[in-house]
Amino acid sequence: MEIFFGAFTSEWEQRRAALLHEASLGPKRRSSAEDEMKRRLKAMAELGGGGAGSGGGSQPKMRRTAAKPIFAAETRAAAVSRPIEARLAAVAQGSQPAVVKMASYGAGARVGAMLNYVSRGGELAVENENGERISSREDLARLRGDWNHLFQNRVESRDIGSFTVEIATAAVSSDEAMHEQVRNSLTSAFGDRRYAYAVTRQADGKLTVQGAVVLRSGQGERLTGDDKAAGIIQARHDASAAAQDVAARFSFRGYGNGVEYGASKLRSLVERHDGNVRDDRSQVIGDEELAGDLVQREWRGDLHSRKGRDVMHLIMSARAGTNVEAFENAARDFLAEQFAGHRYVFAMHDPANDPKEKGEGGKRPHVHAHAIITMRSESGDRIETTPQVFREWRATMAQMARAQGIAMEMTDRREFASPPAFTRNQVRPVSREGRTEHVGTSEAAQGRYDAKRGGRRSLAKAERSREYAIKATQSWQKIALASGDQRIVAYAEQQRDQLTASLSAGQAEATPNVVHADFGSKFRANLVTLQKLVLEGQDVRETSRAEFETYEKQVEKALFKLERSVGPDDRNDFDEVANLARDHVNQRRELLELHKQRDEAMAGQGRDEQRSAGRDDATEQWNAAVVKHGEAVVEAGNHVMIDIEHYREGLDRFEAGEFSSGDKDAMQDGLNQAVERAAQLAIEGNTYIGEVAERDPDLMRAIEEAGKKDAARPEEEKDKTPANVDATAEQQRDPRHEDAERLTNEPDAREAHELASTVDATNRLQDRVNKEREATQRGGETTRTDPAQQHIPRLEELERDEIERKERDRDDRER
C-alpha cells in the first residue's frame, strides 16, 4: 500500500502515518521504509509544504526529531517577521492576546503532586509528548520514574526550623518579665535570626518554649535544624551572659523549606496556644492570619529559599468562549514545536469537564491548558526562561492558534502602557472562587497587585522601553489613519493617547534629574568616580604588577558603569572620555614597564638598593608572602582573590541599587565559582589561600566544605593529584624559600639572597620581554617591548613631565 504524505495537512499526521506504515511492513522492509520517509520529508521541507497546514482534530501528536531544526527556524522567522502594525491592527479588530505564563518550578520530588494537580487527582486524562493519553493513576505514578534520569534532584534548602527550649527559671514578677527572660535566652542562641515562640509554665516552675526560627542569619550562616545545629546554638547560649542568669536546653524538632512550611508551622503554633504567641520583637501574634502575614511579609526576604528546578508548570490560556478543541490542538502544536526533545504532559481545563468546583478553584470561565515539562531535554539542553524566551513562546502560541482559526496575537505591555505583572512570591491567595483574589506580601507588592488588577497605566522607565513605546505610539497613529472602521479608529486613538500621556508623565518625572550640559547627574557622579580612579594611578612607580592589574580592572568597571548612564546624544562625548582614560592607563602601564626595566638594569650592575628603596607597604607584604609561600603559590592565589573581590564589589553595587537586578544571579554565580576555585587551591596545597582564609569566614567555610567533599572521594580518585598541586608542593618544599626565612634575620645574608632573587626575576622578565618584542616587531610595533636601555631617554622625559606637573599643581594651590 502506497502512502501519499501530501494527503495530510500537518507534519505530525505525516510522521504518524509514516511510522504506522513502516510498522506494518515488517522487519524486512523497515529500513527501506524509513529511508523513503526521510527522503519524502526532506523533499517536502525543501518545498516549504511541511508545516503550513493546521493540525485538525484531536488525534495524537507524535514526537518530532529530525525535522525539528527546519520547522523551528521557519516558525521563529515567521513570528519575528510579523510587523508591529499587523499585530496591533489585529488586536484592534478583536484578536485576543497570547497568554503563556510560568506557574511554578518544582524538584523531582514534587512531580507527583504537580501531575496530580494537572490531572485533577487522575480524573482528567493527560497527554504526553508522543500523543499518548494517560488516564490511570498507576501510569501517572510511573512517569516519575521514567523522567528521573532528567532530574538533578537537588536538595531543597532548610529555611525554617521548629525548636523546643527547656528553661529552668526562678520566680518572675510578671508575664512581661518572663517573656523578656525568654527572649534574652533565645537571642543569645539564635543571634539576629527571626523567630516566634509560645511559653508553657510547668508545675515545678520550669518553662517550656516552642517555636519556629529562620535558619539563615543576616550574615549568611544557615543552621541545619538538626541535632548538630542544636549543639551549635547550645554552645553559643552557654558562652553568653544570658546563661549566667538562667540555664536553658535547646533542641530542634524538624525543619522545612519555604514560606508555606513556615506559615503552616506558625499557624499551628498559634492554634495550639490560643494566640499566646510572640515574635523576637515582642509583637503578639494573636490569630492565624497574623501568623501567615508575619512569615509572608517579614520573614520571606530572610529565607533565601532554594528549590530544585527539574520541571516547570506552564499555563496557556484563552478568553472565555474560545473553541476548546481548536485551542487544545493549538496547545499541542505549541508544546511539540517549542519543547521538542523534552518530556512533558498536558491537560485541558475547561468549565464543561473540570471536576473541581468553583469554590475550590475549578470551573474557571476561560479555557486553559496546564503542562508539566522537564527542564532538561534528552540531549541535555536546559530550558531558558528569559523575557525574550517568553516573548518567543507567546509568538509561537499565537501562530499555532491562528492556524486553528483562533484570532490571537503576541502582545507587549509597552504597546498598551500596561502595568507590570505581579509574581506569585509577591502575593498570597485569599479566595479562589471565580477569579482568584490575592493580597500583597508587602506594601510595595500590594501596590503592584492593585495597579495590575485596576488597569492603572504604567510605562517602563528604561530608555530602550521608552523608544519601543514611541514606536508603538506611531504604529497606533498609522492604524487610526489607515482604517475606515470607526470602532478600530476609536480604539487605536485611545491607545495612542494613553501611551502619549504616559510618555509625557515619564518625561516630566525624569526632567528634574537631567542636566543637559553634563550628561545628567548620574553621569556626573559616574564621571567623578572614574576621575578619582584614574588619578589613583598617578604614583605607579612603586606599584606592583598585581596592584596595577587591579587598578586597570577598576577603571574598566568604572567605564562600563559610566557607559550605562550615557544617553544616545552623548555617545560621542563618552567615547572621547573613554579614550582619554584608556590612554592614561596605557601611559601609566608604559611608565611602570620602564621603571621595572631600569630597576632590572640597575640590579644587573649591583645597585639593587636603589630599586628596593621605594617599596611601599603593599610591595613589602607581597614580597613577604612570596618568601613565605613561594612566587607561584602567591601569584595563583592572588589571581583568584582578585576575581573574588571583583564579584563581591559588583554584588555590593547591586545591593546599593547602582545596577539593575537582572544580572545579579550571574554575578552571584561568578562569585560562587571563584570561591570554589580558591577553596580547591587551598585543598590542593596553596598555603597562601589558607592564610587569607583565616581573615575571610566565607572562604574558610568553602574550604571546609571542599575538604569534606575531598575526604568523601574514593581513594583511587584521591591518588589522582593534579599537576599544579605537585608544582605548588614542590615550590613550597623548595629549599630556597626555607633559606629565605632563615636569612631574614641576617642582614648580609638577606642582601645576598635578595640580590640572587632579583637576578633570577630579571632573567625571567628579560626572557618574557624578548618574546613580546619579537611578537610585536612582526606586527610593526616596538614601543613597549624594546630593551630597557633603549627607553632610558623616554623614561627621563616622562619623569621630567611628571615633576613639572606636580610643581604646577603646587603653585596653583599656593596661589
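pLDDT is the predictor's confidence in each residue, on a scale from 0 to 100. This structure is a predicted model, so that scale is a useful place to start. The chain averages a pLDDT of 75, and 67% of its residues reach 70 or more. Confidence is under 50 over residues 48-80. In the model, that stretch has 75 contacts beyond four places in sequence. Residues 720-745 also have a pLDDT below 50. Beyond near neighbours in sequence, they make 33 contacts in the model.

Turn now to the sheet. It is open and has 6 strands, paired antiparallel. Their order is S2-S11-S13-S12-S3-S4. Strand S2 (99-106) and strand S4 (133-134) stand at the edges. Each has a single partner strand, so one side of each lacks a neighbour in the sheet. Further in, strand S12 (residues 344-349) runs antiparallel to strand S13 (residues 368-374). The two are joined by 6 bridges. In one of these strands, S13, Ile373 is the bridge partner of Tyr344.

Helix H12 (residues 324-338) packs on this sheet. H12 touches S2, S3, S4, S11, S12 and S13. The direction of H12 makes about 165° with that of S12.

Next comes a pair of helices. Helix H10 (residues 258-272) packs against helix H11 (residues 288-303) at an angle of about 145°. Their axes lie 9 Å apart, and the crossing is right-handed. On the H10 side, the contact includes Gly258, Gly262, Ala263 and Leu266. On the H11 side, Ala291, Gly292, Val295 and Trp299 are among the residues involved. By class, this contact has 9 nonpolar, 4 polar and 4 charged residues.

Technical notes
Residues numbered from 1 in each chain as written. Predicted model: local features only at pLDDT ≥ 70, side-chain atom pairs only at ≥ 80, totals over all residues. Heavy atoms only, no water. Pairing = 2+ DSSP bridges. Helix = DSSP H or I, 4+ residues; strand = E, 2+ residues; numbered from the N terminus. Contact = heavy atoms within 4.5 Å. Axes fitted to C-alpha atoms, helices over the stretch in contact; angles between N-to-C directions. Left-handed = near helix turned anticlockwise from the far one by under 90°. Nonpolar A, V, L, I, M, F, W, Y, C, P; charged D, E, K, R; others polar.
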